[in-house]
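Hi,

Here is the model I promised to pass on. Have a look at it first, and then read on for what turned up.

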There are 2 protein chains.
Amino acid sequence: MHKVTVLDKKGALDCPIRDVINRIGDKWSLLILVVLSEQPTRFNELKRTIGDISQKVLTKVLKELEQEGYITRTAFDESPPKVVYDLTEMGLSVLTPVGQLIDWAEKNHALIKEHRNKTD
Amino acid sequence: MHKVTVLDKKGALDCPIRDVINRIGDKWSLLILVVLSEQPTRFNELKRTIGDISQKVLTKVLKELEQEGYITRTAFDESPPKVVYDLTEMGLSVLTPVGQLIDWAEKNHALIKEHRNKTD
DNA sequence: TAACCTAGTTACCTCAAGGTGCCTAATTGA
DNA sequence: TCAATTAGGCACCTTGAGGTAACTAGGTTA
């Protein structure tokens with residue numbers, strides 16, 4: 001079996017997986033990474049593609065993803081402004097294990113929903 | 001490259017990965033699954049092992065994990081009460097892709113912290 | 001008799017995530 | 001001249017996650 005001994009009981013202060021879950025476990029980060037994996041994308045383009053994200057939250061999440069090294073932000077000195085976001089190598093690489101989880105989720109989605117309805 | 005086309009833009013209502021992230025992306029679920037992967041565990045034993053989880057939240061999370069089919073709850077008719085929690089096959093199997101993500105997190109933890117400090 | 005252990009439940013509080021709406025400054029097209 | 005577009009910033013509000021503390025019931029122990 002896969003041995004897992006990682007999680008930190010002391011409040012997850014320096015726990016790697018908590019850092020990752022705290023970042024991509026929110027409502028929008030994962031979706032943003034996936035959209036950016038298709039192509040570098042401008043701010044409003046991201047907003048339109050995702051559709052129902054608020055401007056405030058998009059700004060905030062992009063800042064955080066940049067700060068932790070998942071994406072880059074490139075501003076061009078034009079008018080109207082032009083800012084392009086893109087994945088870093090790290091941002092791209094996290095999509096591999098995330099993809100594994102997505103595969104698992106797809107395979108087990110029916111089972112989960114079945115359970116949920118059984119005990120509604 | 002790993003092609004990811006899963007995320008649902010319509011609010012993630014029926015999106016498999018959102019179901020999973022919403023469940024194990026909280027503060028305690030993942031840790032509980034990992035603890036249970038070592039051995040079936042009683043309620044208070046879980047509480048003591050984790051240490052800083054509140055009773056209310058432990059009860060709630062256990063209920064939800066059971067409802068979605070990740071764990072089982074077995075109550076013995078004794079006094080004082082005895083209730084044992086254990087992983088289901090599904091609960092065990094999710095730890096494989098999660099383990100992949102944990103590996104990634106460990107390998108990139110230093111890099112993430114470096115980025116974070118660079119732009120503090 | 002009084003306190004303890006079990007597995008919870010309930011009321012109350014706090015904080016952060018996320019939403020809405022309104023503002024900006026330079027430039028372009030009608 | 002007026003409206004639209006760009007990438008945000010800011011004030012305000014609601015909701016849910018999670019914490020604390022006190023309570024329960026039956027049986028065991030001191």
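First, a term: a polar contact here is a pair of N or O atoms within 3.5 Å; within protein, one must be able to donate a hydrogen and the other to accept it, and residues adjacent in sequence count only if both atoms are side-chain atoms. On that basis, B:Asn44 puts a polar side-chain atom 3.0 Å from a phosphate oxygen of DNA strand C.

Some housekeeping. This is a predicted model, so local features need pLDDT of at least 70 and side-chain atom pairs count only at pLDDT 80 or more, while totals for chains, interfaces and linings use all residues. Residues are numbered from 1 along each chain as its sequence is written, chains are lettered from A and ligands numbered from 1 in the order in which they are written, and side-chain values use heavy atoms, with hydrogens and water left out.

On confidence (pLDDT, the predictor's confidence in each residue, runs from 0 to 100), chain A has a mean of 90, with 88% of its residues at 70 or more. The part to watch is residues 1-12 of chain A, where pLDDT stays under 50. The model still has 27 contacts (heavy atoms within 4.5 Å) beyond four places in sequence for that stretch. Where pLDDT is low, the predicted coordinates should not be read in detail.

Back to DNA strand C. There are 21 residues around it (near means one heavy atom of the residue within 4 Å), and A:Lys56, B:Gln55, B:Arg73, B:Pro81 and B:Tyr85 come nearest. B:Gln55 has a side-chain N or O atom 2.3 Å from a base nitrogen of the strand, and the side chain of A:Lys60 has one 3.4 Å from a phosphate oxygen. Helix 4 of chain B gives the largest share of this surface, four residues (helices are DSSP runs of H or I, at least four residues, and strands are runs of E, at least two, numbered from the N terminus). Of the atoms of DNA strand C within 4 Å of the protein, 65% are sugar or phosphate.

DNA strand D also has 21 residues around it, with A:Gln55, A:Arg73, A:Tyr85, B:Lys27 and B:Lys56 nearest. Sugar and phosphate make up 65% of its atoms within 4 Å of the protein. Two backbone contacts are at 2.9 Å: A:Pro81 to a sugar or linking oxygen, and B:Lys27 to a phosphate oxygen. The side chain of B:Lys56 has an N or O atom 2.3 Å from a base oxygen of DNA strand D. Here the largest share of the surface, four residues, is from helix 4 of chain A.

Then the protein-protein side: 58 residues of chain B touch 58 residues of chain A. About 5,300 Å² is buried between the two chains, 66% of it on carbon and sulfur atoms (buried area is the accessible area, 1.4 Å probe, that two parts lose on being put together, summed over both). The rule finds four salt bridges across this interface (a side-chain nitrogen of Lys or Arg within 4 Å of a carboxyl oxygen of Asp or Glu). One of them joins B:Arg116 and A:Glu68, at 3.4 Å from N to O. Ten residue pairs are in polar contact between the chains, both residues at pLDDT 80 or more. On the side of chain B that touches chain A, helix 6 of chain B gives the largest share, 18 residues.

Cheers
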